[in-house]
Amino acid sequence: MSNLYLDINVLQSVPSSNINRDDTGAPKTAIYGGVTRSRVSSQSWKRAVRTAFKEETDNAEWLEGYRTLDAPKMIAKKMMDLDSELSLENATKKALEIFKDAKIKTDKDNQTKALLLISKGQIDKLAKYALDNEKIDAKEVKKALSGNNSLDLALFGRMVADDPSLNVDAACQVAHAVSTHEVVPEYDYFTAVDDQKPEDTAGSAMLGTIEYNSSTLYRYANVNVKELINNLGSKDLAIKGIELFVKDFLMTMPTGKENTFANKTIPQYTMITLREDTPVNLVSAFEEPVRSRDGYVQKSIDRLEEEYKDTQKFVEKPIATFILTNKDSELEDKVDNISNLISQVSENVSAKVDDE
């Protein structure tokens, strides 16, 4: 099939928060357009999406992936579940053989030396293979690690430095979210009182500060539909995966300091486009920061839609566009709720794939 890309553009207002911290505990930032912006890393939002996949109600095996050092222990445990007479020592020995033959390094604690993204299906298949075969064949191990991808593995890919043949090319790219406007750091000075201190004792038991900011974020991700089908090995699973990714990308949020700030919001604007030529990140709409004393969301929407139109001087017009917003929009391609957004995206992608 020819190229087919799904672009997801989101504007989301986030109040006082610190959902993604740097090494000093401060909210992450970026310089863009000559000013400081609030930033939320792509890794933190992908983590939120991966967590949401595991919480889907159908609890399907293809939604379970693990980024872990403990893959050998997980395979050994699965082997013992399949064969109750197998000892932990023998199961661990067999599991370590698998990783040795796959040329993935392990350490004295029976862990991989680097985090490995592995699916439940791959763990199950390797455990069964190890039980059924006295001698481990490296080709069969690599074959097991090259199929049965979970949705997060298919979307976000896998790099195995020890053996690049086990790499999985990501079908999805997620940008760091940045504010459409300049932000200024703010600080919350807080105290904590000891509930059991004597009444005649003054002062607090603890003093501290937390840095935070508030922002209207521009969020962007794209999905290479052809690559996703290849990674999952099924058109039907790829379409289902797109539905879940759209829903969970829109509705999740990184959880940093969420109990402190109760900052969970939903998007105010979503634009999804289906393209055949190239993905297009529309962050350039905000290279000149939005300036306003009347809020940033509506002005950010206006900028984004203007940039969307202007980019068509350089790239092909999308074959389909879908807008979901509770604000004003000049574009005509509106849907009235998230369920209809997901179903229309799914139907259009499916129809386009079937035409190939």
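A crossing of two helices is right-handed if the near helix is turned clockwise from the far one by less than a right angle. With that in hand, here is a friendly look at helix α2 in this predicted model. The helix spans residues 71-82 and crosses α4 in a right-handed way. Ser-16, in strand β1, gets a short section too.

**α2 against α4**
- Helix α4 covers residues 120-132, and its axis lies 9 Å from that of α2, at an angle of about 60 degrees.
- That angle makes α2 oblique to α4, because it falls in neither the parallel, antiparallel nor perpendicular range.
- On the α2 side, the contact uses Met-74, Ile-75, Lys-78, Met-79 and Leu-82.
- Residues on the α4 side include Ile-123, Asp-124, Leu-126 and Lys-128.
- Sorted by type, the contact of α2 with α4 has 9 nonpolar, no polar and 3 charged residues.

**α2 against α3**
- Helix α3 (residues 88-101) packs on α2 at about 130 degrees, with the axes 8 Å apart.
- These two helices are therefore oblique to each other, and their crossing is right-handed.
- From α2, Ala-71, Pro-72, Ile-75, Ala-76, Met-79 and Met-80 take part, meeting α3 residues that include Leu-88, Thr-92, Lys-94 and Phe-99.
- Here the contact residues divide into 12 nonpolar, 1 polar and 1 charged.

**Ser-16 in β1**
- Strand β1 runs over residues 5-17 and contains Ser-16.
- Ser-16 has a relative accessible area of 31%, so it counts as partly exposed.
- Leaving out residues up to four places away in sequence, Ser-16 touches Tyr-212, Asn-213, Ser-214, Phe-261 and Asn-263.
- Asn-337 is 321 residues from Ser-16 in sequence, and their C-alpha atoms are 27 Å apart.

Definitions and conventions
Residues are numbered from 1 along each chain as its sequence is written. This is a predicted model: local features need pLDDT of at least 70, side-chain atom pairs count only at pLDDT 80 or more; totals for chains, interfaces and linings use all residues. Side-chain values use heavy atoms; hydrogens and water are left out. Axes are lines fitted to C-alpha atoms, for helices over the stretch in contact, and angles run from 0 to 180 degrees between N-to-C directions. Helices (H or I, at least four residues) and strands (E, at least two) are DSSP runs, numbered from the N terminus. Angles under 35 degrees count as roughly parallel, over 145 as roughly antiparallel, 65 to 115 as roughly perpendicular and the rest as oblique. Contact means heavy atoms within 4.5 Å. Ala, Val, Leu, Ile, Met, Phe, Trp, Tyr, Cys and Pro count as nonpolar, Asp, Glu, Lys and Arg as charged, and the others, Gly among them, as polar. Buried means under 20% relative accessible area, exposed over 50%, partly exposed in between (1.4 Å probe, protein chains only).
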